[in-house]
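Open the model in your viewer and keep the selection tool at hand. The stops below are meant to be taken in order.

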Amino acid sequence: MKSKPLHIKLDQKQEKLKSKLNMQDDVVFKQIFIPGYEVSGLFVFVNGTMDYPAFNEIVLDLSAAQVESRQPVSIEQLVISKICSVREQDVETYETAIEHIFDGKTLLFIEGMANGYALNLEKEKVRTLGEPSTERVVRGPKLGFIESLQENIGLIRQYSNHPNLIVKQQKFGTMEKREVALIYYEGKASDSLLKEVNKRINEVKATDLQDSGMLEELIEDTALTPFPQIQNTERPDKVLAALQEGRVVIMVDGSPFALMAPTTITMLLQSPDDYYERWVAGSFLRILRYLSLFVTVFLSGIYISLVSFNPGLLPSELAMTIAGTRENVPFPPFVEAIIMEVTIELLREAGIRLPSPIGQTVGLVGGVIIGQAAVQANIVSSLMVIIVSITTITSFTVPQYSFGLAFRALRFGAMIFAAVLGLYGTTLFFIIVISHLSKLTSFQEPYFQPMDFIGKKTWRDAFLRLPKRKKGGDSFEPVRRQNS
């Protein structure tokens, strides 16, 4: 469809714009008079999106303009001189005008001039910088990203003033244009990685992107897995560490979460605390996380296997104690575990959705009361309540929330295998999970690559956080192989 040029007369422009905008009530048309030139001007903007002090300043400058007797200037030259600091683009068609209006720009039209001007007077509504809500640390920076893309990029620039830090921005989406930024260090990020990231982003045909999580799902290697193949964070320090490793960071306007690619399983298990505390404490916490993952997935399954299929593997006293606690329980261990695990997951989900003070109360009081009542009613054994409580606590040790969700879901798979095949089924499920992780990739990089035990640097940062050498030592950041 051919674009229609703007009318010269203001009243015709105003009527045409109103008809194309379907007479929307939040679009404001404000006329002013420039006395020195005896012409009128028209401002068009969406109410609530503009910086009114800056707007009023321009209106006052134009309303007070007078023709200078010594060096008279044209009305076009006068307007350009008054709006030069906020002028972005000339507007020549009605289609372009409407696009700028809904993009938050203010349009200025002058009587007798066909073209208009798009002014950047938008006042972005953002919350103030604060501590990340999902990645809190005891020691370290307390600053997190917000929903403004430009503020987030400025925050990264504040942390890194290196000239090789490259930021590429582009509009994304068909219905609602959303800005996406690609950030990397030139010379550190491989060309093949940059090419692959750009290719996947350009291939996405989404109508809108409300959060980076929507883009993450569209550009990851495979959707047939519970494991996240792209790391996300609210912390600028983690973004800088990823950039220094040669990874690429993707940020979406309107989302406080940055995406970092490629990603390995060890990166998802690392926390900034590991590097801000002493190396002994960092290594100890990291080992605890690996142990907690195993406990989260397999503890309930091992309990079901030993009680249902292999009680002879238990010490006699322990076996008699377990039998005593289950004496009046009418359900088999699998049903018993499912009841408690589903109940705990429901309480956890309810605690997230409710307001913070109420959610904490529901999670704590609900868990205690329901567990005690279930034991007293002989629905579950007391040992089962202890096991479910332990697996719930260990699931919170994973720094990456989406990664922890994957292992919480796998726990039910381990319980099913254990209920059908006993310890053999638990072992088989462990082999299946390891095989699946070994096949996964993240932007053509092996997802499980630090587990190959090849190379001293890999070992130094995969399971332990050994001390950094004073001279010529390895960096703190995780080491990964670069594609040639």
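**Stop 1: a pair within helix 6**

Select R200 and E196: both are in helix 6, four residues apart, about one turn of the helix. Helices here are DSSP runs of H or I with at least four residues, strands are runs of E with at least two, and both are numbered from the N terminus. R200 forms a salt bridge with E196, and their closest N and O atoms are 2.8 Å apart. A salt bridge means a side-chain nitrogen of Lys or Arg within 4 Å of a carboxyl oxygen of Asp or Glu. The structure holds 17 salt bridges.

Before moving on, note that the model is predicted: local features need pLDDT of at least 70 and side-chain atom pairs count only at pLDDT 80 or more, while totals for chains, interfaces and linings use all residues. Residues are numbered from 1 along each chain as its sequence is written, and side-chain values use heavy atoms, with hydrogens and water left out.

**Stop 2: the sheet beside helix 6**

Show strands 6 to 10. They form an open sheet of five strands in the order 6-7-9-10-8, with antiparallel pairing. Its edge strands are strand 6 (165-172) and strand 8 (231-233), each pairing on one side only. Two strands count as paired if DSSP finds at least two bridges between them. On average, neighbouring strands of this sheet are turned by 25° against each other, direction ignored. Axes are lines fitted to C-alpha atoms, for helices over the stretch in contact, and angles run from 0 to 180 degrees between N-to-C directions.

Next, select strand 9 (residues 248-252) and strand 10 (residues 258-261), which pair in the antiparallel sense over three bridges. V248 stands opposite A261 in strand 10.

Now bring back helix 6 (residues 191-203). This helix packs on the sheet, touching strand 6, strand 7 (178-185), strand 9 and strand 10, and its direction makes about 25° with that of strand 9. Contact means heavy atoms within 4.5 Å. Add helix 7 (residues 212-219), which also packs on the sheet and touches strand 6, strand 7, strand 8, strand 9 and strand 10. The direction of helix 7 makes about 130° with that of strand 9.

Go back to A261 and step to P262: a cis peptide bond joins them, with omega about -5°. P262 is in the loop between strand 10 and helix 9 (265-268).

**Stop 3: the sheet of strands 1 to 5**

Which order do the strands take in this open sheet? The order is 1-2-4-5-3, and the pairing is antiparallel. Strand 1 and strand 3 (87-91) are the edge strands, each pairing on one side only. The twist averages 25° from one strand to the next.

Select strand 1 (residues 27-34) and strand 2 (residues 39-46), which pair in the antiparallel sense over eight bridges. F33 stands opposite S40 in strand 2. Four residues lie between the strands of this hairpin, where E38 takes a positive phi near 55°.

Then move to strand 3 and strand 5 (residues 116-119), which run antiparallel and are joined by four bridges. D90 stands opposite Y117 in strand 5. Helix 4 packs on the sheet, touching strand 2, strand 3, strand 4 (106-110) and strand 5, with its direction at about 150° to that of strand 3.

**Stop 4: a pocket lined in part by helix 4**

Select F102, D103, E122, K177 and D253: of the 31 residues lining the second largest pocket, these lie nearest its centre. Helix 4 (94-102), helix 5 (149-159), strand 6 and strand 7 each supply at least two lining residues. Helix 4 gives the most, with five.

**Stop 5: a last loop**

Finish at F443, which has a positive phi of about 55° although it is not a glycine. F443 lies in the loop between strand 11 (441-442) and strand 12 (445-446).

Methods
1 Å grid on protein atoms, 1.4 Å probe; cavity = no way out; pocket = protein on both sides within 12 Å on 5 of 7 lines; lining within 4 Å.
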